[in-house]
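Me: I'm new to this one and would like a close look at a single part, the loop between the two strands. Could you start there and then work outwards to the rest?

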Amino acid sequence: GAAGAAAATLADAPRFAPGPYGTLFALLTLFAVDVPAAYTFRVAHLVTFTDKLFVYIAALQLLLTNPKNLLPALSGTLTGLVYLVPHLALPHLDLIPSRLAALLGSHPPLPRPSASSSPPSPPSD
């Protein structure tokens with residue numbers, strides 16, 4: 001009956017959460033290492049935190065919402081750490097095919113705002 005079908009459905013459920021959890025935690029690992037903190041703040045004149053704390057709190061909340069998130073989070077974190085191993089030189093691998101790189105390289109790069117430029121003025125009414 002219905003109870004047997006529900007039990008079979010639960011038995012067939014994946015043991016890990018589907019979605020981009022592995023990618024998110026791999027990127028979180030790179031964020032922790034490569035992105036500098038923008039500012040720091042003190043709480044009760046005892047502990048100093050950086051603005052990165054809020055990203056870590058969001059990741060922890062994502063991890064703790066469902067036990068099925070643990071395996072993808074751990075594998076993503078491990079992937080991020082392996083990417084950072086200097087002897088593997090993974091950031092320097094040529095992963096883009098040469099034809100695609102030539103096509104992308106033939107277009108001028110998009111302009112990037114410089115740190116010394118002033119922000120655009122608001123439109124006048």
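Reply: Let's start with His45, which sits in the loop between β1 and β2. Keep in mind as you look that this is a predicted model. How open is His45 to its surroundings? Its relative accessibility is 69%, and with the cut-off for exposed set at over 50%, His45 counts as exposed. The backbone here is worth a look too: the phi of His45 is near 55°, a positive value in a residue other than glycine. To put that in context, most residues other than glycine have a negative phi.

His45 has company in this. Ala44 is in the loop between β1 (40-43) and β2 (47-50), and the phi of Ala44 is also near 55°, again positive in a residue that isn't glycine. Ala44 has a relative accessible area of 57%, so Ala44 is exposed.

Now step back along the chain to the lead-in of the first strand. Tyr39 is found in the loop between α2 and β1. Is Tyr39 buried, exposed or partly exposed? With a relative accessible area of 46%, Tyr39 is partly exposed, because the in-between class runs from 20% up to 50%. Tyr39 also gives you a handy distance across this part: its C-alpha atom and that of Phe49 are separated by 8.6 Å, and the two residues are 10 apart along the chain.

So where does this part sit in the whole protein? Read along the sequence, the pattern is α-α-β-β-α-α-α, which gives five helices and two strands. Of the 125 residues of the protein, 13% count as buried.

Next, follow the helices on either side of the strands. Helix α2 covers residues 21-34 and helix α3 covers residues 53-64. These two pack at an angle of about 155°, with their axes 12 Å apart. That makes α2 roughly antiparallel to α3, because angles over 145 degrees fall in that class. As for handedness, the crossing of α2 and α3 is left-handed.

Helix α2 also packs with α4, and there the picture changes. The angle between α2 and α4 is about 45°, and their axes are 7 Å apart. α2 and α4 are therefore oblique to each other. The crossing of α2 and α4 is right-handed.

Between these two partners of α2 you'll come to Asn66, which lies in the loop between α3 and α4. Asn66 has a relative accessible area of 28%, so Asn66 is partly exposed. What does Asn66 come up against from elsewhere in the chain? Asn66 and Phe16 are 50 residues apart in sequence, yet their C-alpha atoms are 9.3 Å apart in space.

Finally, carry on into helix α4, which spans residues 70-84 and is the place of Val82. Val82 counts as partly exposed because its relative accessibility is 34%. Val82 is also one of the residues in a nonpolar surface patch. Which residues make that patch? They are Leu78, Val82, Val85 and Leu88, and the patch has an area of about 310 Å².

If you want to retrace the route, go back to the loop between β1 and β2 and find Ala44 and His45 again. From there, look to Tyr39 in the loop between α2 and β1, then to Asn66 in the loop between α3 and α4, and end at Val82 in α4.

Technical notes
Residues are numbered from 1 along each chain as its sequence is written. This is a predicted model: local features need pLDDT of at least 70, side-chain atom pairs count only at pLDDT 80 or more; totals for chains, interfaces and linings use all residues. Side-chain values use heavy atoms; hydrogens and water are left out. Patches are made of residues with over 30% relative accessible area and no salt bridge: like charges are joined within 9 Å, nonpolar side chains (Val, Leu, Ile, Met, Phe, Trp, Tyr) within 5 Å. Accessible areas come from the Shrake-Rupley method with a 1.4 Å probe; for residues, only the protein chains shown count as cover. A salt bridge is a side-chain nitrogen of Lys or Arg within 4 Å of a carboxyl oxygen of Asp or Glu. Helices (H or I, at least four residues) and strands (E, at least two) are DSSP runs, numbered from the N terminus. Buried means under 20% relative accessible area, exposed over 50%, partly exposed in between (1.4 Å probe, protein chains only). Axes are lines fitted to C-alpha atoms, for helices over the stretch in contact, and angles run from 0 to 180 degrees between N-to-C directions. Angles under 35 degrees count as roughly parallel, over 145 as roughly antiparallel, 65 to 115 as roughly perpendicular and the rest as oblique. A crossing is left-handed if the near helix is turned anticlockwise from the far one by less than a right angle, and right-handed if clockwise.
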